[in-house]
Amino acid sequence: MRLLPLPLQFLIFIGIQLALSLGLVFYLGNLAQSNYETFAEASRGFVETQKTIEDIRGDYAAVAARVENETAAFSPGERRDVSELSGELKEIAGTVRNSVALSSLRANQPEAVQGFASAIDNQAASLVAASQEVPGADESRVKRIQERLAEERAALTTAGFGRLIDAANRELESTMRAIRSANSAVIGNYQMILMVFVALQALLLAVVLWLVNRQIRQLADVTERIVAGEATTTGKQHKRHDQLGRIARAVHQFRSSLVALSNSREQLQAILKKHDKESLSRRQAEDSLRLTASVFDEVQEAVLVTDVHGFVTRANPAAQTLLDLTATELGKRPLLEILLDQPNRVVAPIWRHVLEKGEWRSEIEFKRESDGKDLVALVSIRLVGEPREKRGHVIVVINDHTDIRAREREVIALAREDSVTGLLNRGYFVQQIDDRIQAHPDQPFALIAVGLDRFTSFNEALGRRFGDRILKAMAERLEKLTEPTSLLARIDGDTFSFLVFADNAGELDTVAAAAMKRCHAEITRELELAGYRLDIRASVTSADYPAEGQVAEDLLRIVDNGLSQAKASGGNAIVGHAEGHTQAAQRRFELTQALGKALGNREMRVYYQPQVSLGSGALLGFEALMRWRYRGEWISPKEFIPLAEEHNLIGELTEWALSHACRRIADWQRQAGRELTISINLPPQLLLLDKIDEQLEGLARAADLPTSSVVLEITESDFGKDPSLLVEQLHRLAMRGFSIAIDDFGTGHSSLSYLNNLPISKLKIDKEFVDDIVTSEDARKLFGSILAMAEKLEFEVVVEGVETEQQLIELRKFGSRLQVQGFVFSRPFDEDYWDGEFMHGKPGNYTVPDIQPQRSASQPAGN
């Protein structure tokens, strides 16, 4: 059988390979496309489900917001129509049950979907039931209904939607498990197909190799016989028309040449091998030299090579630039003599160390000869070779650290010095003090602080740069007064501090007082600067170690408080021992923190002081007064009321006190069988709130107390310079039935300017108009004038702070229409005391002087 030509055999083999590969590609592509479509379908289903859930969540959030607003408006006796909201909730539940996007979720997770829809239906039903229940419920029942509805909304918003989303996630996980299972099967098919493909390829390759090897082996047998000198031919191979035939004919033609060449083959191979080896070594050496030269010239560090005696034999450009010397100049004397600028007898031990130990490394400072510039460099020296055989050399690397050390010095200066005055800054001052305390714990000292008063006025008027010049001048003055050990520092914008020392604690007060006096005198001396004569004022204070502080921060905190107290009192003062001010500040801070928790801790009490008719002695009502018992101590209202106003707590405390007082007055009215009033001071923070009239009316209604029994007292100073801000609110309160009283009348300003514009029905005359009424004719005239004005304007008058019988007698002489409040009748007592008084009905009348009026309100004494 005649064999096919070798190229045709390979073409057939390549065609079979391509056919198998294309079949495998098409099959794997179909599998991948099917898997992709399955995953895409699952992803679209999950996205549509999530989008539908988010749309339902958005619809529900909008309806829930409206439900919240509607339920917030629930009030006893009022029926609200919630049918529309209930219908919208049911529509959302219907969407959950019928949405096409949720069909798969309903089929696989029916409990979650149907449970969620049922929860929405239940909420709709609960809303309708609540709206029907509200008209017959009281305020507390309405509040509980509102809280219950809010809890249902919150549960549905979090847990309900959470379960629905969890169900969707579980559905997705189930789908992904199915996809992963299908992928596993597909991967198994991939592996099996690839194994079959590899097996077919291997089998085909084996057949091809066998065929080619068989033909080559036949040609090799003939060639071996020809080389052996046998008279043979290539037979069929000689007659082939492919490459194997050409090879067979060539072998036959060169038979004689092979014999001649075989004799010189070994010699030629040896020559070629030697030549190749030498060429390779030469190329490697040339490449290495070029790389070394490139690195040597381009590296940024200064690199020099010296002989074993220290003379430079080569220097890169960076070294010549750094030292500003040429290669010739560098080779004139040993390198260490150039760097260290020392004679050979000094540098010889260093060079001997290099030759013995093989290296030397140090950071040195030297002056460049060309321009005298001071440089800092890290010098690294390493010996290469053996100096005893005179074949070694030394490599020197110089790293320029000049800029690094300069920046380090700048950073250290910034960390220690104040940028304006050049004095120590606060951080380094604190560190130095603490280090001194640790090193000398038994050495007492005083920390003196100087604060410039009204310094900001200089900055505002003349600019901050001019202010900095003032600070520098003050620093110079203080430097003249202090010793280097005093650690003079600028610790704040306009505050300086330094230390003074004494041998013992007994002498420290004297030394510190003298230092503060000298400091104050020097600082407040008139300053002439840039054509200005400046009147400098300053406050000075001190804190002692260890008596008043154990660490620097404690001492600085004490003097900060001392300077604050001095400036608050007018400034330009010397305040020794600022610890007392610090203790007051600490108490103020502690009370402020506790005041916010006072109601929750049940520390607040309401005390009641009676208001009595001067004509009959009958009890007309009470003023509600807040009292605070904190850690067993009764805190004065003069101390905690300003704190409450400063930290916006007074509104909350007042609402609590009014609510509490309204309930007690309502009970006492029922027990006494007649109307009693309750007066309470209303702070301006509450008056500025929107709808405060509705809130206060709600408090009175909750206590079943008519608003006519509530007197809201407004302190005269609360109006400020523009009472119009509060006028509208006061009119609204008056229209709801509240009585409006001016408290502490006559102690504020512009009193008469707003009496006609405000809905005032009562004046409360301050205690200071009563204190001298017994002994002073002028006081009686002034009091009579106030009463005359009140009578003309038809105001009721309550006189506060009446403490003695003589004051009561003098007041009785002005008439019987007055109402009196003070210790002369009763101190303020808590509700337990007054509960006991009202237990058996209305309390008896108080004793009043039986004196006929000698003066009328319209005719003051002395006229």
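1. Ala, Val, Leu, Ile, Met, Phe, Trp, Tyr, Cys and Pro count here as nonpolar, Asp, Glu, Lys and Arg as charged, and the others, Gly among them, as polar. The model is predicted: local features need pLDDT of at least 70, side-chain atom pairs count only at pLDDT 80 or more, and totals for chains, interfaces and linings use all residues. Residues are numbered from 1 along each chain as its sequence is written, and side-chain values use heavy atoms, with hydrogens and water left out.

2. Overall make-up. The protein chain has 28 helices and 22 strands (DSSP runs numbered from the N terminus: H or I of at least four residues for a helix, E of at least two for a strand). Its length is 863 residues, of which 41% count as buried (under 20% relative accessible area; exposed is over 50% and partly exposed in between, with a 1.4 Å probe and protein chains only). Among contacts (heavy atoms within 4.5 Å) with a separation of 6 or more, 66% join residues 24 or more positions apart.

3. Helix pair α16 and α17. The axes of α16 (residues 464-481) and α17 (residues 505-523) come within 10 Å and cross at roughly 145° (lines fitted to C-alpha atoms over the stretch in contact, with angles from 0 to 180 degrees between N-to-C directions). On the α16 side the contact is made by M474, R477, L478 and L481, and on the α17 side by R518, C519, E522 and I523. By class, these residues are five nonpolar and three charged, with no polar residue.

4. E522 within that pair. This residue belongs to helix α17. Is E522 buried or exposed? E522 counts as buried because its relative accessibility is 18%. Beyond its neighbours within four places in sequence, E522 is in contact with R477 and L481, and both of these partners appear on the α16 side of the helix contact.

5. The largest pocket. A pocket is an open set of points on a 1 Å grid over the protein atoms alone, with protein on both sides within 12 Å along at least five of seven lines, and lining residues have an atom within 4 Å of a point. The largest pocket has a volume of about 1,200 Å³ (the space filled by probe spheres set on the points, which are joined across faces, edges and corners). It is lined by 36 residues, and the closest to its centre are E623, L625, R627, P637 and D743. Strands and helices both contribute: β13 (604-613), β14 (619-630), α20 (637-646), α21 (650-672), β16 (677-681) and β18 (739-745) each supply at least two lining residues. The lining divides into 16 nonpolar, eight polar and twelve charged residues.

6. The second largest pocket. Its space is about 640 Å³. Of its 20 lining residues, F74, S75, P76, E139 and G698 are the closest to the centre. Two or more lining residues come from each of α5 (139-227) and α23 (692-702). Which element gives the most to this lining? Helix α23 does, with seven residues. The lining holds seven nonpolar, six polar and seven charged residues.

7. Cavities. A cavity is a set of grid points where a 1.4 Å probe fits but cannot get out. There are two cavities of 30 Å³ or more. The largest cavity contains about 70 Å³ of space, and its lining consists of L323, L325, I338, L339, F366, K367, R368, E369 and S370. Helix α11 (335-340) and strand β3 (359-367) each supply at least two of these residues. Five of the lining residues are nonpolar, one is polar and three are charged.

8. The second largest cavity. About 40 Å³ of space lies here, lined by L595, G596, A598, L599, L649, E652 and L653. The classes are five nonpolar, one polar and one charged.

9. E655. This residue is in helix α21, an element that also supplies at least two residues to the lining of the largest pocket. E655 is partly exposed because its relative accessible area is 26%. Not counting residues up to four places away in sequence, E655 touches L686, Q695 and L699. The C-alpha atoms of E655 and L699 are 8.2 Å apart, with the two positions 44 residues apart in sequence numbering.

10. G162. This glycine lies in helix α5, which also contributes two or more residues to the lining of the second largest pocket. G162 counts as partly exposed because its relative accessibility is 23%. G162 and A112 are 50 residues apart along the chain, and their C-alpha atoms are separated by 9.9 Å.
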